[in-house]
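Me: Please take a close look at the aromatic side chains in this model, following what surrounds them and where they sit in the chain. I would rather have one connected account than a list.

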Amino acid sequence: MRVSSVPETGNTVSNPVIPGFYPDPSICRAGEDYYIACSSFEYFPGVPIFHSRDLVHWTQIGNALDRPSQLRLPLDSASSGGIYAPTLRHHDGRFWLIVTNVSGDGNLLFTATDPAGPWSDPIRLPGVHGIDPDIAWDDEGNCWCTTAGVGQIRIDPHTGETFGPRRQLWSGAPGAKAPEAPHLFRIGDYWYLLIAEGGTERGHGVSIARGLAPTGPFEPCPANPILTHRSTDHPIQNTGHADLVQGPDGSWWMVLLGVRPGGGTPGWHVLGRETFLAPVDWVDGWPVVGELSTALPAPPWPLQPHDVVPERRDDFDTTELAPCWVSLRRRSSEDCTTKEQPGWLTLRARGGSLDDADVTFVGRRQQHPSCRVRTLVDAAEGQGGLAVRLDERHHYAVEVSSGQVQVRARIGPLHTVVASRPTPPGPVVLRIEAAAVHTVNDARTGPDFVSIGFEEADGTFVELASLDGRYLSTEVAGGFTGRVFGMFASAGSVHFDWFDYEPFEH
């Protein structure tokens, strides 16, 4: 018998529920509260944590890894290295977070009584091999850690000790590559093993198996993959890396990552892999994933929008930066502070440009296909500006120094000054706009255009360059991240009075 978990109400909610570069979502429920953790790769602080009461409206409440003792990212850490695929769980009155730091520390386990933090220093797991670790507890209190591959080992989550050899559980669908992102659940009489497979590109999918014990043997679902958009023209692609949770009414839901490609062929996604929500029914003991769309039928319980709408502008009036702000590999109070000049963010240069791994950079993720970013910068004591970044080899920037504004572009091995113009003395407003393309003229049409320049005293936008956005996409650059807009210093000290992020329709 099939029972629908989402009655048709005529109302819809926007999907993705967490837009922008927030991939690999793992979800847990504690009472009436829901929490999601996402991957963060080379950015510091790491592992953003979100909270919701209705599975639809999510607020970032912190970053789990916000201290150097928790997150070590050496300067030679590659972009798209760092922190991979967390699993977040609530067990025995505590929150548990397990991650892989592929840039040196391997698998790590953290705990907290409050998911907003503080989180503990890491419990190291040298006996756990493989990425995308998951943890689950059986009725006897044994803790099982399952990793990509898909293999499993028993651990002591308090000490990191492992017991016995790693056992192979399942390899996913025959012939499918990259069985990864395992999550193990006890639901009813069965243990379910949910995995991603097919790679995190267009072939991505979700498959599941079940058994009577957490150690298996596992029987694959005859309908695998239970979710994939491969070989379709669906606007949401690369669907996979899923997790399951029960809604307030006992219905079941899936969070997963997906991308929204734009332009012609092959299609370019620029926001990174985003967090989507989909309903789940149960048929003959197997999960059946409902429609995944950008306009999702609203869940059948009262929605709880945020009491406080996030501010569009950050005036840097607080001593600590908001949790949405990230830096590259580390953040030092000597290089990044709001205390030196009250109401201003001061950045001191480390690396000489955005090409350098140790550049002083503070940014936030692009979350909308079309948006406008502005900042007021005083570069009298140095050189710096505003950038849109994918990695060290793929970024556009508008930079101020010595009365000159320059637009720089880095695309792979090519680095050029696209435009230059003198500016009046004093602080200047820099501006970058991303405008999504909605009409595909031919197969080569890109996903968006990025307009870069500055504002005159009366607010008039002086566009110095309009660049094709495809070159700041994963399909061109490779890797696992998405665009980040940010402020940077390339020489001396640079001060920023405010930063404004405005989504708009185009």
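Reply: Aromatic rings and their surroundings

The charged end of Arg470 sits over the ring of Trp268, 4.5 Å from its centre, and Arg364 likewise lies over the face of Tyr501, at 3.7 Å from the ring centre; a charge is taken to sit over a ring if NZ of Lys or CZ of Arg is within 6 Å of the ring centre and within 35 degrees of the ring normal. This is a predicted model, in which local features need pLDDT of at least 70 and side-chain atom pairs count only at pLDDT 80 or more, whereas totals for chains, interfaces and linings use all residues. Residues are numbered from 1 along each chain as its sequence is written, and side-chain values use heavy atoms, with hydrogens and water left out.

Turning to rings that pair with one another, the structure holds 16 aromatic pairs, where rings of Phe, Tyr and Trp (for Trp, the six-membered ring) pair if their centres lie within 6.5 Å, and planes under 30 degrees apart count as stacked, over 60 as edge-to-face and the rest as tilted. The rings of Tyr35 and Phe95 have centres 5.3 Å apart and planes at 80°, so this pair is edge-to-face. The pair links distant parts of the chain, with Tyr35 in strand β3 (residues 33-37) and Phe95 in strand β8 (residues 94-101), 60 residues apart; strands here are DSSP runs of E, at least two residues long, numbered from the N terminus. Tyr35 and Phe95 are both buried, that is, under 20% relative accessible area, with exposed meaning over 50% and partly exposed in between (1.4 Å probe, protein chains only).

The pair of Trp253 and Trp301 is also edge-to-face, because the ring centres are 5.6 Å apart and the planes stand at 75°. Trp253 belongs to strand β21 (residues 252-259) and Trp301 to the loop between β24 (295-297) and β25 (313-314), so the pair ties together parts that are 48 residues apart in sequence. Trp253 is buried, with a relative accessible area of 0%, and Trp301, at 8% relative accessibility, counts as buried too. Elsewhere, ring pairs join Phe21, Phe41, Tyr43, Tyr84 and Phe480 into a cluster.

Aromatic residues also enter the nonpolar cores, each a set of buried Ala, Val, Leu, Ile, Met, Phe, Trp, Tyr and Cys residues joined through side-chain atoms within 4.5 Å. In the largest of them, which has 39 residues, Leu345, Met487 and Phe499 touch the most other members, and the largest share of this core, 7 residues, comes from strand β38 (residues 484-503). Apart from this core lies another, of 21 residues, among them Ile226, Phe276, Trp286 and Leu292.

Leu345 leads back to the aromatic rings: not counting residues up to four places away in sequence, the residues that Leu345 touches include Phe316, Met487 and Phe496, contact meaning heavy atoms within 4.5 Å. Phe316 lies in the loop between β25 and β26 (327-328), and Phe316 has a phi near 55°, a positive value in a residue other than glycine. At 1% relative accessibility, Phe316 counts as buried.

Notes
Helix = DSSP H or I, 4+ residues; strand = E, 2+ residues; numbered from the N terminus.
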